[in-house]
Amino acid sequence: MTRCLDAAADLAHARTGRRPVVALDTAHVAAAVRGELLLRGPDGRGIEGFAPLSRLWPAADGWVRTHANYPWHRAALLAALDTDEAGVAGAIAARSALDVERLVYAAGGLAVAARHPAEWPDGPPTGSQAGPLDGAVRGPDGPLVRSTPLGAAGHPRPTAGHAAGRNLPAAGIRVLDLTRVIAGPVGTRMLAALGADVLRVDAPGRPELPLHAVDGVVGKASTTLDASTPAGLETLHRLLADADVLVTGYRPGAMRRLGLDPDQVAERHPGTVVVTLSAWGTTGPWGARRGFDSLVQVASGIGWLTRDQTGRPGALPCQLLDHATGYLAAAGALSALASRERTGVAAHVELSLARTARWLLETPVDPSPPVDTPTAPFLAPLGAGWTGVTPPGTLDGAPLTWPHLPPAYGTARATWTR
């Protein structure tokens with residue numbers, strides 16, 4: 001988050017010649033990375049984030065983590081194992097962890113074998129419960145945030161209309177948000193808190209889960225658009241033509257059919273900053289695979305490091321890979337915008353949960369016992385009876401706020417003028 005605020009200050013300097021003073025409370029950070037866990041609805045309750053089939057399972061020789069929150073991933077998991085929900089445990093227990101991983105991914109589902117950190121990304125196996133990833137996520141050896149030039153704009157690219165009454169670093173910047181779940185939405189809502197006008201677009205046939213249909217649209221406008229139709233695709237590109245930043249969080253290659261891969265955007269919409277987030281990076285056998293924070297934790301060895309006394313893999317106390325990657329994505333977008341302001345050249349900013357996991361694994365661990373930090377000071381009404389965490393950080397001593405409170409999911413018009 002410090003990188004994000006520093007990048008925001010740099011963008012402000014590039015645009016105005018003045019660098020605001022930024023500050024960050026570590027207790028606020030601790031609350032922010034648990035934002036979806038602290039979200040409360042009008043009834044005072046939270047929303048469960050994981051479905052029953054999204055969990056750890058004992059396999060014949062180790063452990064497997066599955067992810068089946070979305071109905072289509074649940075269906076793929078059951079089809080791969082040729083069973084119903086009641087038979088999943090037995091079907092996994094009868095197979096090796098790697099066999100389950102291969103079988104489920106081949107069917108379009110999501111499952112990973114638990115690995116030791118030394119086996120990730122491409123080291124030799126150290127035990128019977130896991131095997132090497134065969135270079136699956138070799139890409140995380142690169143920069144934590146990779147930025148490559150996308151070429152200059154074909155004409156001067158003026159900033160979109162200034163957000164009325166808000167003197168913020170990204171005021172007037174338009175961000176087209178094609179992300180889901182946590183990582184991408186965290187990054188784009190932070191851009192919104194820093195002044196950007198963020199429009200999130202989802203496909204009408206694959207609605208977001210209840211938790212993320214609230215938490216993932218804070219600070220934004222939310223619309224649905226069927227880009228599989230000529231009219232929908234035309235509207236999507238019309239929106240992009242007037243955007244400064246495109247952020248995508250789908251698996252690598254999924255956007256190409258829509259003309260939204262970075263090289264395609266650079267050709268059709270020169271000057272647009274493109275930010276892409278993936279689970280595993282873009283190289284190797286897993287480069288085009290789907291993935292989520294919980295899966296990357298288990299595959300990378302974080303689960304092994306947090307195991308209990310029985311050897312059952314554990315997990316971080318929050319979806320830290322998602323949150324860290326999201327704030328890094330916002331930082332990358334802001335840095336690219338500052339560079340574009342100074343040079344006229346746009347950039348492609350690339351991140352992955354797997355690279356963030358490697359960064360965390362390489363970071364020295366503080367042996368001090370964890371401190372239970374208060375969250376109440378960082379909670380505020382979000383509108384419509386919802387309560388959640390405020391955006392972390394201050395600019396010139398003023399706390400950041402959400403420009404929009406949770407809108408009704410998917411109800412905004414597909415336009416920048418609302």
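Me: Which residue follows α4, and what is the sign of its phi?
Reply: This is a predicted model, where local features need pLDDT of at least 70, side-chain atom pairs count only at pLDDT 80 or more, and totals for chains, interfaces and linings use all residues. Residues are numbered from 1 along each chain as its sequence is written, and side-chain values use heavy atoms, with hydrogens and water left out. Helices (H or I, at least four residues) and strands (E, at least two) are DSSP runs, numbered from the N terminus. The residue after α4 is D82, and its phi, near 55°, is positive.

Me: Which residues of helix α4 are buried?
Reply: Buried means under 20% relative accessible area, exposed over 50%, and partly exposed in between (1.4 Å probe, protein chains only). Helix α4 covers residues 71-81. Its buried residues are H73, A76, L77, L78, A80 and L81.

Me: What covers the buried residues of α4?
Reply: Contact here means heavy atoms within 4.5 Å. The cover includes a strand and two helices: β3 (63-66), α5 (88-93) and α6 (97-106).

Me: Why does A384 count as exposed?
Reply: A384 lies in the loop between β12 (379-383) and β13 (386-389). Its phi is positive, near 55°, though it is not glycine. Most residues other than glycine have a negative phi. A384 counts as exposed because its relative accessibility is 65%.

Me: Where does D396 lie?
Reply: D396 also has a positive phi, near 55°. It counts as partly exposed because its relative accessibility is 40%. Its place is the loop between β14 (394-395) and β15 (398-399).

Me: Which strands are the edges of the open sheet β1-β14-β15?
Reply: Two strands pair if DSSP finds at least two bridges between them. This sheet has three strands with antiparallel pairing, in the order β1-β14-β15. β14 and β15 pair over two bridges, and T394 stands opposite P399. Each edge strand pairs on one side only; the edges are β1 (22-23) and β15.

Me: Why is the pair of Y105 and W286 tilted?
Reply: Rings of Phe, Tyr and Trp (its six-membered ring) pair if their centres lie within 6.5 Å; planes under 30 degrees apart count as stacked, over 60 as edge-to-face and the rest as tilted. By this rule there are four aromatic pairs. The centres of Y105 and W286 are 5.8 Å apart, and their planes stand at 40°, so the pair is tilted.

Me: Which residue has its charged end over the ring of Y105?
Reply: A charge sits over a ring if NZ of Lys or CZ of Arg is within 6 Å of the ring centre and within 35 degrees of the ring normal. At 4.2 Å from the centre of the Y105 ring sits the charged end of R289.
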